[in-house]
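Got your viewer open and a coffee to hand? Here is a tour to click through, stop by stop.

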Amino acid sequence: MRDFVAVTLSQALPWLAGTLLVLALCRRGGRAAWLHGAGYGYLLGAFAATLGLRALSAAGIAWSLPAAALPLLAAALALAWPARALLSARGARDRCAAALGDLGAQPALLRAVFWGGCALIAVRLAGLGLEIAWSPLLPWDAWSQWATKARVWFELGRIAPFVPQQEWLAAGDPLRFVDMHPQYPATVPLLQAWTSLWLGRWDESLMNAPWVALACALALAFYGQLRRAGEGAPKAMLYTWLLLSLPFLDIHVALAGTADVFVAAAYGLAAMALWQWARTRERGDLALALAMALILPTIKVEGLLWALTLAPPALVAAHRRAGLALLATLAAAGLGYLAFGPAELALFGYTLRTRFADTSLPLAQHLFVMDNWHLLWYATVAVVALRWRRVVAPELAPMTATVACALGLVTVIYFFSSASGGVHDESLVNRMPLQMVVAVAFYLALLLQGGATRRSSQLQANAADA
C-alpha cells in the first residue's frame, strides 16, 4: 500500500501542476477544458519535475523528496489562482451536467459506443499498469542506456556525467560513467529517478510508472482535442480507443523504460495544438504547441528532427501560401541534394547518403503484414484516397503539412541514411512510425469528419461547446 501511495503521488503532483498551468494558459474553458488540460498537463508537469532535478544538481544540492517536491507543490498552489475560473465546483458541475445531457440526447447505440469505448480504455490502461508493476526491466535499450543513468543519478543524488568509452578509460575518474549511449538526453532517466525518490528506493518496475501515466494523459488529450475539433463524444471515444489499442503503442507502454512513446506523445500533442491554433488563433494553443516542440529534443536525439518538422506546418498555419512555398522549396532542395550533394554527410547522429537503400520490404512487412499496427496503415491509405479533396482543403492544410513532413523525415532516415541498416535488421523499423502515429491518427479523424468544408464559425461554436 505504501508503494502504491508513493507511486500515485509521484505522478499526481506534476500532473496537477501541469494541468493547472494549461488551464491558466487556456482560460476560454469549454466542456473539454479539464480533459484537454489534464492531457497536456502531465507531460508539462513531468518535464517540470525533471527541470527541478536538473536545477538541484546544478546548485550542488543533493536530491531529496522535500527538495524535489516542494517547488512543484508551490508552483501548483501559485497556478491555482490564474486557473480559478475553471476550478469552481459549480462550474465543474455545470460542465459535467451539460456533457451528460448531450450524451443522453444521443441514440442508444451511440451511447453504448461511448460507454463501451470508455470501459475498454479503462481495462486496457489498468492492464498496462499491472504489466509495468509486475514486470522487471526488460527492453534492451532500457537497461543499456536509459535506466543506467537513472540508477547512477538516484544513488548519487545528483546528475553525474556519462562519457564515451575512450574518455572513460582515459580519465580514470570514479565519478564518470559509461553506457551504450552516454550522449542521450536526460529527461527519461530523470523521470525514473523522480519516481524512485518518492519510493525511497530503487525499484526497476515501479519506477516506470510515468509510462502508464503518459498513456492515460495521451487518451485524455486525444479525446479532448477531438471534442474541441467538433467531433461527437461517441466517435471521439471510439477513435481514442482505436489509438490505444494499437499493439506497438501498447508494447512500448507495457515494456516501459524506453523513450519512443514519449516522443510519440509530445509530437502528437504538438501537432494537435498547432492545428487548433491555426483555426482558433488562441495563444494558449500556440504556447502548448511550442512547449511540446521544445520538450521533444530533451527526450531523444531525433526529437530535434521531429521538432524541426513542425516548422513548415507552423508557417502554413501562419501564412498558407508562404508555408506551401517553403514545403516546395524543401522538396526541391532534397532532390537537389540527391543529385549534386556529397555521397555522405553526418547530421544529427545519422549519416545521410545520396544512394538509395531499399528498405521497402521489411517496412511493408511490419506495417501491412505483421500485426504490429492492426489495420492502421491500410486505413490510412483508404481514408486519404476516400477524402483526397479534404487533404488539400484550407482548414486541414497545417495537419496535411505536418503529416507530409513526418513522412518526409521517415523517408529520408529509412531510405537515405545509415539507419537503413536498423530497418533491415528490424531493430528500428517500427520506431519512427510509432513516433508519428498520434499525429497520423488525429489527421485521419479530421479527414473523416465530413466531405464538405466546415465553416469557421461552426468550428468555433463546436470548440466552445466541447
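What follows is a list of selections to make and a note on what you will find at each one. Keep in mind that you are looking at a predicted model.

**Stop 1: H36**

Start by selecting H36, which sits in helix α2, residues 33–58. Is H36 buried or exposed? Its relative accessibility is 4%, so H36 counts as buried, the cut-off being under 20%. Now show what is around it. Setting aside residues up to four places away in sequence, H36 touches V22, C26, Q225, R228, D285 and L288.

**Stop 2: salt bridges**

Next, colour the charged side chains. Side chains of opposite charge can pair when their charged atoms come close. The count for this model is 16 salt bridges, and three of them make good stops.

Go to R2 and D3 to begin with. Their side chains form a salt bridge, at 3.8 Å from N to O. R2 is exposed, at 56% relative accessible area, while D3 counts as partly exposed at 24%.

Then select R124 and D250, another salt bridge, with 3.4 Å from N to O. R124 belongs to helix α5 (residues 108–134) and D250 to helix α11 (residues 247–254), so this pair ties together parts 126 residues apart in sequence. D250 is buried, with a relative accessible area of 9%, whereas R124 counts as partly exposed at 33%. Keep D250 on screen; you will meet it again.

Now try R431 with D260, a salt bridge at 3.4 Å from N to O. How many residues apart in sequence are the parts that this pair ties together? The answer is 171, since R431 lies in helix α22 (residues 431–447) and D260 in helix α12 (residues 260–280). Both ends are tucked away: R431 counts as buried at 18% relative accessibility, and D260 is buried at 0%. Add D141, K300 and E302 to your selection, and you have the rest of a network in which salt bridges with shared partners join these residues to D260 and R431.

**Stop 3: S245 and its neighbours**

Move to S245, in the loop between α10 (233–244) and α11. S245 is buried, with a relative accessible area of 16%. Draw a distance from its side chain to the backbone: a polar atom of the S245 side chain lies 2.9 Å from the backbone oxygen of L242. Leaving aside neighbours within four places in sequence, S245 is in contact with D250, from the previous stop, and with H374.

**Stop 4: two unusual backbones**

Follow that contact over to H374, in the loop between α17 (360–369) and α18 (376–386). Most residues other than glycine have a negative phi. H374 is not a glycine, yet its phi is positive, about 55°. H374 is partly exposed, with 37% relative accessible area.

Now jump to E426, in the loop between α21 (420–424) and α22. E426 also has a positive phi without being a glycine, at about 70°. At 41% relative accessibility, E426 counts as partly exposed.

**Stop 5: the largest pocket**

Switch on a surface and look for the largest pocket, which holds about 970 Å³ of space. To centre your view, select L330, G334, G408, L409 and V412, the closest to the pocket's centre of the 25 residues lining it. Which element gives the most to this lining? It is α16, with eight residues. The elements that each supply at least two lining residues are α14 (303–308), α16 (320–340), β2 (350–353) and α20 (397–415). Colour the lining by class and you get 20 nonpolar, four polar and one charged residues.

**Stop 6: a cavity beside D250**

Finish inside the protein. There are six cavities of 30 Å³ or more in the whole structure, and the second largest has about 70 Å³ of space. Its lining is L128, W211, L214, A215, L218, L244, L249, D250, V253, V261 and A265. Two or more of those residues come from each of α9 (209–228), α11 and α12, and α9 gives the most, with four. By class, this lining has ten nonpolar residues, no polar ones and one charged. Spot D250 in that list: it is the residue you saw paired with R124 and in contact with S245.

Technical notes. Residues are numbered from 1 along each chain as its sequence is written. This is a predicted model: local features need pLDDT of at least 70, side-chain atom pairs count only at pLDDT 80 or more; totals for chains, interfaces and linings use all residues. Side-chain values use heavy atoms; hydrogens and water are left out. Buried means under 20% relative accessible area, exposed over 50%, partly exposed in between (1.4 Å probe, protein chains only). Contact means heavy atoms within 4.5 Å. A salt bridge is a side-chain nitrogen of Lys or Arg within 4 Å of a carboxyl oxygen of Asp or Glu. A polar contact is a pair of N or O atoms within 3.5 Å; within protein, one must be able to donate a hydrogen and the other to accept it, and residues adjacent in sequence count only if both atoms are side-chain atoms. On a 1 Å grid over the protein atoms alone, a cavity is a set of points where a 1.4 Å probe fits but cannot get out, and a pocket is an open set with protein on both sides within 12 Å along at least five of seven lines; lining residues have an atom within 4 Å of a point. Grid points are joined across faces, edges and corners, and a volume is the space filled by probe spheres set on the points. Ala, Val, Leu, Ile, Met, Phe, Trp, Tyr, Cys and Pro count as nonpolar, Asp, Glu, Lys and Arg as charged, and the others, Gly among them, as polar.
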